[in-house]
Amino acid sequence: SEVHVFAPATVANMICGFDILGFAVDYPGDEVQMFRVPEPGVRIRSIKGDEGRLPVDPERNTVSACVKMLLAHLGIENEIGVEIDLIKHMPIGSGLGSSSASTVAGLFAINSLLGNPLTKAELLPFCVEGERLACGHGHADNVAPALMGGITLVRGYDPLDVIKLPVPEELYAGIVFPKVDVPTRDARQLIKEKVYLRDAVTQWGNIAGLVAGLYEKDYALISRSMHDVLIEPTRAILIPEFYAMKDIALQEGALSFGISGSGPSVVAISKGKEIAERAATAIQEHLTRSEIESFKYVSSV
Ligand code: HSE
């Protein structure tokens, strides 16, 4: 028996909610094909689309390591044999939840092959462990939306408490990936451990405003809530042309603009597909003029 699973890219943080908010996009995403084989063990058969950057050693590859973790949890690691083909459709280190998409696809695949012994909620902690293996920190704001779809809120980490939020119909994301490498590990080391209370007040006001805006489908409230005073000022320096791109997105009518996950991808959150498309195109044209190669993706939230 075999399964073929797709898991989507995700925009973590949703601009103001560092480590707690995130949403899934329609594309790009990663695919995992998994086959049952008689010989016990977990093996990576092939990896495509990673430019040779990912390890095939099953102990070091995040997807196989997570699958092994799940089999060990179920006490069947010496009985089950699987082989994995991993097909990546998005760049690594782009801020689009590349490792999360692969991990979620892998864990969803093994769970399906076994007849779904775990619910999605039970699968989530294993996905978080995969994130920890991939970048040294177990944040859930990429894996939760990749697994559950839509917009998710990580209300708490200990214990993990994830809530699905409503998605207003006209919310679109124009995403641009400037082709520079920003590993999440580095982007996390840069940010300050301590914040000022007045900044924290601004930030949690914005997060609460955004959540209220999503429930009320109030695009003006969503727009004025999506600002990040804690993380963006520090991380923006890793992203070429960040403030120029922000000006362009807002000029084109985006509700908000910010970093996708830990960057370097950026996102123009917009009301309607047309504005998202226009903002992403204008940003891309600017990057081309600055001789920076880029990719763009436009998707509903
Ligand atoms: N919340 C994480 C961060 C997401 O901003 O570091 C990483 O993709």
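Helices (H or I, at least four residues) and strands (E, at least two) are DSSP runs, numbered from the N terminus. The structure described here is a predicted model, in which local features need pLDDT of at least 70 and side-chain atom pairs count only at pLDDT 80 or more, while totals for chains, interfaces and linings use all residues. Residues are numbered from 1 along each chain as its sequence is written.

The secondary structure of the chain comprises 10 helices and 10 strands. Its radius of gyration, taken over C-alpha atoms, is 19 Å, close to the 19 Å given for 301 residues by the globule rule (2.2 Å times the number of residues to the power 0.38), so the chain is as compact as a globular protein of that length. Of the 301 residues, 49% count as buried, a residue being buried if 20 or more other C-beta atoms, placed from the backbone, lie within 10 Å of its own, exposed if 12 or fewer, and partly exposed in between.

Two annotated domains come from an unreviewed UniProt entry, whose positions are given in the numbering used here, with shortened feature names, and whose annotations may be inferred rather than shown by experiment. The record places "GHMP kinase N-terminal" at residues 61-150, a stretch that is 56% helix and 9% strand; it places "GHMP kinase C-terminal" at residues 211-287, where the chain is 55% helix and 13% strand, with the end C-alpha atoms 32 Å apart.

Within residues 256-271 there is a hairpin to follow: strand E8 (residues 256-259) runs antiparallel to strand E9 (residues 266-271), with 4 bridges joining them, and two strands are said to pair if DSSP finds at least two bridges between them. Ile259 has Val266 in E9 as its bridge partner. Between E8 and E9 lie 6 residues, and Gly261 in this turn has a positive phi of about 55 degrees. The loop between E8 and E9 also holds Pro264, which is joined to Gly263 by a cis peptide bond with omega of about 5 degrees.

Gly261 appears again at the ligand, since it is named with Ala12, Asp19, His139 and Ser262 as coming nearest among the 14 residues around the ligand, where a residue is near if its C-beta atom, placed from the backbone, lies within 6 Å.

Elsewhere, Glu241 has phi near 65 degrees, a positive value in a residue other than glycine. Glu241 sits in the loop between helix H8 (232-235) and helix H9 (242-251), and is partly exposed, with 18 other C-beta atoms within 10 Å.
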